[in-house]
Amino acid sequence: MTRVALITSGGDCQGLNAAMRGIGKALYNHIENLEVFGMFDGYRGLIDGDYKFMQPGDFAGILTQGGTILGTSRQRYIPGKDIVDEEGNSLIPAMKDTYNRLNLDCLVILGGNGTQKSAKLLMDAGMNVVTLPKTIDNDIWGTDTTFGFQSAVDIATNVIDYIHSTASSHSRVFLVELMGRDAGWLTLHAGIGSGADVILLPEIPYDINKVINAVEQRKKNGKSFTIIAVAEGAKSINDRVLSEEESRKKREDAGHSTISYEIAAQIEKATGQEARVTIPGHYQRGGPPCPYDRVLATQFGTAAAELIVNRQYGRMVAIQDGAIVSIPLEEAASKTKFLPTDHPLIRVARDIGVSFGD
Ligand code: F6P
């Protein structure tokens, strides 16, 4: 008997169900004596032993469904050390207890950057683990892309497309703030895809005077409006040394809830032009996966099943140069994949006159 537990952990994204469908269908096709446990709400289900048995029928009809049919949650992760509860007590022993009690052969963990790192701790604690890279942030080391990313790019691009007409009618500056945490992948792709005039990324600290300059230059060129795609983690050159917490406090003390509001106020003050902010927020993570993500998630799912069939544990499935591969989990968990400042797409954007405020 092979016993496998599926876990979706961290923030959700498009393609989680499609990936589980790929895993479940392939496992049931290749393994005769199989039990699949679906753990509820991410690691919470493993901690509490809260799960359901998943039959082949559970994997049908979920390809296009957004979110995760198992639910998810975020746990407190102490980098490289532990996964803990509110009081700081380690949750790993409870997880190992469930793992042993259910006589599991392997945990299949679908997660983002943080989840890959915490999955490595479970591996170190003696559990067999296979992981899949999911996140709209595209910041997981060792894979060219993650499922969820392209769907979010499509949504974010569409948001900016729609903002264009109203920005133009009112001759306004519009700042569209996009998710991605400290990585600029989503904002760069959506910014280029939607023809944003300015793109502000966490990896390229901006000089507010250069941003204002770009707005004024457009006006001089007869363009009455400007579209600025802002990554939620963007930082000015003055604030680049501040921690996440310090810059949030500084901003909130000045009455701005997010970075885009701060920049909008600075632009209005300097140019006299009206500036508005749009934040699509979790809308970027919702709804059905786009076709690209359905295909990618299915490929990752079947590749994960193959690893399980071959009992190759401690690996994350990935895509590299168009090929589906797997890499050691310790490699995937070793770093965060930030956008390199010499990335070819940044050059492309500069070539067509996009300002990065630097
Ligand atoms: O990591 C995915 C992500 O959507 C980030 O882009 C964003 O900063 C964060 O999660 C939001 O987290 P939450 O859903 O907990 O508000």
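## Ligand environment

In this predicted model, the ligand is surrounded by Arg 74, Ile 136, Asp 137, Met 179, Gly 180, Arg 181, Glu 232, His 282 and Arg 285. By residue class, this shell comprises five charged, two polar and two nonpolar members.

Polar side-chain atoms from three of these residues approach oxygen atoms of the ligand. For Arg 285 the separation from a ligand oxygen is 2.8 Å, for His 282 it is 2.9 Å, and for Arg 181 it is 3.3 Å. The ligand taken alone exposes 400 Å², of which the protein buries 73%.

## Helix H1

Helix H1 covers residues 16–30. With 15 residues at 1.5 Å a residue, H1 should span 21 Å, and the distance of 21 Å between its end C-alpha atoms therefore agrees with expectation.

The buried residues of H1 are Leu 16, Asn 17, Ala 18, Ala 19, Met 20, Gly 22, Ile 23, Gly 24, Ala 26 and Leu 27. These buried positions pack against four strands, namely S1 (2–8), S2 (34–39), S6 (106–111) and S7 (129–133), and also against helix H10.

## Helix H10

Helix H10, one of the packing partners of the buried H1 residues, consists of 19 residues and runs over positions 291–309. Its expected span, at 1.5 Å a residue, is 27 Å; the end C-alpha atoms lie 27 Å apart, so the two values agree.

Within H10, the buried residues are Asp 293, Leu 296, Ala 297, Phe 300, Gly 301, Ala 303, Ala 304, Ala 305, Leu 307 and Ile 308. Just after H10, Arg 311 adopts a positive phi of about 50°.

## Thr 157 in helix H5

Thr 157 belongs to helix H5, which extends over residues 149–170. Is this residue buried or exposed? Its relative accessible area is 12%, and because buried means under 20%, Thr 157 is classed as buried.

The side chain of Thr 157 lies 2.6 Å from the backbone oxygen of Val 153. When neighbours within four places in sequence are left aside, the contacts of Thr 157 are with Ala 190, Gly 193 and Ser 194.

Terms used: Residues are numbered from 1 along each chain as its sequence is written. This is a predicted model: local features need pLDDT of at least 70, side-chain atom pairs count only at pLDDT 80 or more; totals for chains, interfaces and linings use all residues. Side-chain values use heavy atoms; hydrogens and water are left out. A residue is near a molecule or strand if one of its heavy atoms lies within 4 Å of it. A polar contact is a pair of N or O atoms within 3.5 Å; within protein, one must be able to donate a hydrogen and the other to accept it, and residues adjacent in sequence count only if both atoms are side-chain atoms. Accessible areas come from the Shrake-Rupley method with a 1.4 Å probe; for residues, only the protein chains shown count as cover. Ala, Val, Leu, Ile, Met, Phe, Trp, Tyr, Cys and Pro count as nonpolar, Asp, Glu, Lys and Arg as charged, and the others, Gly among them, as polar. Helices (H or I, at least four residues) and strands (E, at least two) are DSSP runs, numbered from the N terminus. The expected span of a helix is 1.5 Å times one less than its number of residues. Buried means under 20% relative accessible area, exposed over 50%, partly exposed in between (1.4 Å probe, protein chains only). Contact means heavy atoms within 4.5 Å.
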